[in-house]
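Good morning, colleagues. I would like to take you through one protein model and the ligand that it holds. Please keep the sequence and the structure in view as I speak.

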Amino acid sequence: MISDAVIQTIAGFVPQENIRLKEPMNRHTTFRIGGEADCFVEIENMEQLQRIQRYLRIVGLPFLVMGNGSNLLVSDRGYAGIVLRVGPRMQQIRFQEDRMIIQAGALMSQVAKAAYEQGLTGFEFASGIPGTIGGGVVMNAGAYGGEMSQVVAGVKVIDQEGDVLELDNETMEFGYRTSAIKSHPFTVVEVTLQLAPGNREAIRSRMNELASKRREKQPLEYPSAGSTFKRPEGYFAGELIMKAGLRGFQIGGARVSDKHCGFIVNTGNASYEDVRDLIAHVQEKVKELFSVDLEPEVIFVE
Ligand SMILES: Cc1cc2nc3c(=O)[nH]c(=O)nc-3n(C[C@H](O)[C@H](O)[C@H](O)COP(=O)(O)OP(=O)(O)OC[C@H]3O[C@@H](n4cnc5c(N)ncnc54)[C@H](O)[C@@H]3O)c2cc1C
């Protein structure tokens, strides 16, 4: 439980209406799963983050930075700490020639639309990924041959002490669905993308093409967190899961999608445990049959 004194202190850093107590996390995750966070704070700018994080570290309270919650599986017991959402109130986008300077809470779909409107190419691949640019950088999100590492010129973060650091592409240590930020307690506040002048018609038609591929291949009609597993080297997770006979396999309300076996979906009332147990079952079967370890891409929050 978070004490009144802590809440009052946080209210000194952000407007009271940005603070919610006992906030159900299923409202903030694309899986539509997750119990209550003790405290949920909508962040508006870097200064607020700096002040709150400095304070929370001094008093030793746990916190979780989140974006759009599109890669999170949150426990039904919720989160015992403070969730700092870098989302709808941090979405400004600026242009500097072929560069875009973007606050971390902007959605990748918004960024792709703004790039298109400006006639800049290079970000079409991310137009259908339902996360923030901050979350996208952390995860090195990618699709259809593109990934964040190809377009990120720089990332502004705050570190444990609340100090601002500017990281270049190399320092970000991008890898497959990972970056330096996954192993460092940094919070992304701003991302600079280097794009290139392009033909607006071509940009739009590429985005439309990718959107229809997604609609055709992915079970977008159900809540999920996208691909549940990382792609194992030399294989496709979905194909292995299908060959293991797990298409449509269900535990409680969690189901291996019939449309795309790489997705575990919430059919309506899945619990955290349902999804967790289904992930474990899939891992076990695939290991037994093909000697391949499937590593979750989804991030567990307990
Ligand atoms: C239908 C669907 C399709 C998807 N398709 C793709 C796809 O094609 N390619 C792909 O790569 N992913 C895909 N995803 C997964 C997801 O959208 C990406 O991983 C995305 O980058 C997550 O961004 P987010 O803002 O939702 O982050 P969250 O889910 O909120 O957080 C993810 C991680 O990033 C951290 N984080 C978030 N914001 C910040 C910040 N500002 N500073 C520091 N840490 C932060 C969180 O602590 C957490 O560890 C898909 C998901 C869904 C539901």
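I begin with Tyr144, which counts as partly exposed, because its relative accessibility is 32%, above the 20% under which a residue is called buried. Before going further, I should say that this is a predicted model. Tyr144 sits in the loop that connects β9 with β10 (146–147). Its phi is near 50 degrees, a positive value in a residue other than glycine.

A second residue of this kind is Arg177, whose phi is also positive, near 55 degrees, although it is not a glycine. Arg177 belongs to the loop between β12 (164–168) and α5 (180–183). Is Arg177 buried or exposed? With a relative accessibility of 11%, Arg177 counts as buried, since the limit for that class is 20%.

Let me now step back to the chain as a whole. The protein contains eight helices and 19 strands. Its radius of gyration is 20 Å, close to the 19 Å that the globule rule gives for 302 residues, so the protein is as compact as a globular protein of that length. The C-alpha trace spans about 55 × 50 × 30 Å along its principal axes. Of the 302 residues, 52% are buried. The exposed area of the protein comes to about 13800 Å², and 47% of that is supplied by carbon and sulfur atoms. As for contacts between residues at least 6 apart in sequence, 64% of them join residues at least 24 apart.

I turn next to the ligand. Which residues come nearest to it? The shell around the ligand holds 33 residues, and those that come nearest are Val65, Gly67, Ser70, Thr132 and Gly142. For three of these, I can quote distances to oxygen atoms of the ligand. A backbone N or O atom of Val65 lies 2.6 Å from a ligand oxygen. For Gly67, a polar backbone atom is 2.8 Å from an oxygen atom of the ligand. In the case of Ser70, the atom concerned is an N or O atom in the side chain, and its distance from a ligand oxygen is 2.6 Å. On its own the ligand has 980 Å² of accessible area, and the protein covers 91% of it.

Where in the fold does this shell come from? At least two residues each are supplied by β3 (63–66), α4 (133–139), β9 (142–143), β13 (187–194) and β15 (224–227). The largest share, four residues, comes from α4. By class, the shell divides into 15 nonpolar residues, 15 polar residues and three charged residues.

Helix α3, residues 108–118, deserves a separate look. Its buried residues are Met108, Val111, Ala112, Ala114, Ala115 and Tyr116. The elements that cover them include β6 (93–96), β7 (99–103), β8 (120–121), α4, β13 and α6 (200–217). Two of the elements named there, α4 and β13, also supply residues to the ligand shell. After α3 comes Gly119, with a positive phi near 75 degrees.

I shall now consider three buried side chains, starting with Arg85 in strand β5 (residues 79–85). Arg85 counts as buried because its relative accessibility is 11%. What does the side chain of Arg85 make a polar contact with? The partner is the side chain of Glu42, at 2.3 Å. Leaving aside residues up to four places away in sequence, Arg85 touches His28, Phe40, Val41, Glu42, Ile43, Met66 and Gly67. Gly67 is, as noted, among the residues that come nearest to the ligand.

Glu42 appears again in the surroundings of Gln48, which lies in helix α2 (residues 46–59). Beyond four places in sequence, Gln48 touches Phe13, Val14, Pro15, Glu42 and Ile43. Gln48 counts as buried, because its relative accessibility is 7%.

The third is Leu246, in the loop between α7 (237–243) and β16 (250–251). Leu246 is buried, with a relative accessible area of 3%. Its contacts, again not counting residues up to four places away in sequence, are Ile241, Val256, His281, Val282 and Lys285. Between Leu246 and Val256 the C-alpha to C-alpha distance is 6.8 Å, with a separation of 10 residues in sequence.

That concludes the presentation, and I thank you for your attention.

Note on methods
Residues numbered from 1 in each chain as written. Predicted model: local features only at pLDDT ≥ 70, side-chain atom pairs only at ≥ 80, totals over all residues. Heavy atoms only, no water. Near = heavy atom within 4 Å. Polar contact = N/O pair within 3.5 Å; in protein donor to acceptor, adjacent residues only side chain to side chain. Areas by Shrake-Rupley, 256 points an atom, 1.4 Å probe, with all protein chains shown as cover. Nonpolar A, V, L, I, M, F, W, Y, C, P; charged D, E, K, R; others polar. Rg over C-alpha atoms; globule rule 2.2 N^0.38 Å. Buried < 20%, exposed > 50% of the residue type's maximum accessible area, 1.4 Å probe, protein only. Contact = heavy atoms within 4.5 Å.
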